[in-house]
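The following exercises concern a single protein chain. Please attempt each task with the sequence and the structure in view before reading its solution.

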Amino acid sequence: MAVTASWYDDDRRIVHFRFQHPWTIGEFFAVNGTMGAEVATFTHEVDALLDFTASGPISLEAVMGFRRVTSKNGAIQVQGISVVFGHHTLPVIIKSITAVIPAAANRIYLAQDIDDALRIIADHRAS
């Protein structure tokens with residue numbers, strides 16, 4: 001599978017999604033659904049890293065799929081923020097999602113790399 005998810009930390013507070021070219025939005029839905037079912041059983045908040053460093057092109061179908069997922073997020077009470085990084089088109093994609101779903105602006109952040117993403121998560125948790 002070209003989309004994978006693993007725990008970034010031993011406490012299971014950060015899930016790390018990796019997108020490896022070629023990937024499909026269907027693969028993301030499958031992995032996200034499996035991880036979401038596990039996260040839904042937790043009592044602590046879980047943040048997500050979405051790593052597009054090796055993703056290749058991001059299709060319009062994928063952008064539309066992310067919009068669908070974003071509109072449904074929040075149903076899981078322990079869901080934290082999502083921090084995306086690793087692809088030059090992400091600023092435009094994030095802007096299009098938050099334009100359609102304004103509440104997502106408080107849940108989706110853009111980072112330069114994984115270190116910046118972890119800093120954003122730490123800052124968010126500290127606030």
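**Exercise 1.** Determine how many bridges join strand β2 to strand β3 (residues 46-54), and whether the two run parallel or antiparallel.

*Solution.* In this predicted model, β2 and β3 run parallel and are joined by six bridges. One residue pair illustrates the pairing: Phe17 has Leu50 in β3 as its bridge partner.

**Exercise 2.** Establish in which sense strand β1 (residues 3-7) pairs with β2, and which residue of β2 is the bridge partner of Val3.

*Solution.* Step 1: β1 and β2 form an antiparallel pair with five bridges. Step 2: the partner of Val3 in β2 is Phe19. Step 3: the two strands form a hairpin with six residues between them.

**Exercise 3.** Decide whether strand β2 (residues 14-20) is largely enclosed or largely open, and give the reason.

*Solution.* Step 1: a residue is buried if its relative accessible area is under 20%. Step 2: in β2, five of the seven residues are buried. Step 3: the strand is therefore largely enclosed by the rest of the structure. For the whole protein, buried residues make up 43% of the 127 residues.

**Exercise 4.** Describe the backbone of Arg12 and classify its exposure.

*Solution.* Step 1: Arg12 is located in the loop between β1 and β2. Step 2: its phi is near 55 degrees, which is positive although the residue is not glycine. Step 3: as a general rule, most residues other than glycine have a negative phi. Step 4: the relative accessibility of Arg12 is 37%, so Arg12 counts as partly exposed.

**Exercise 5.** State what kind of peptide bond joins His21 and Pro22, and where Pro22 is placed.

*Solution.* Step 1: the bond between His21 and Pro22 is cis, with omega at about -10 degrees. Step 2: Pro22 belongs to the loop between β2 and α1 (25-39). Step 3: in general, most peptide bonds are trans.

**Exercise 6.** Give the order of helices and strands along the sequence, and determine why the radius of gyration agrees with a compact globule.

*Solution.* Step 1: the protein has four helices and five strands, arranged as β-β-α-β-α-β-α-β-α. Step 2: a compact globule of 127 residues would have a radius of gyration near 14 Å, and the protein has 13 Å, so the two agree. Step 3: the C-alpha trace spans about 35 × 30 × 25 Å along its principal axes. Step 4: of the contacts with a separation of 6 or more, 76% are between residues 24 or more positions apart.

Conventions. Residues numbered from 1 in each chain as written. Predicted model: local features only at pLDDT ≥ 70, side-chain atom pairs only at ≥ 80, totals over all residues. Heavy atoms only, no water. Rg over C-alpha atoms; globule rule 2.2 N^0.38 Å. Buried < 20%, exposed > 50% of the residue type's maximum accessible area, 1.4 Å probe, protein only. Contact = heavy atoms within 4.5 Å. Pairing = 2+ DSSP bridges.
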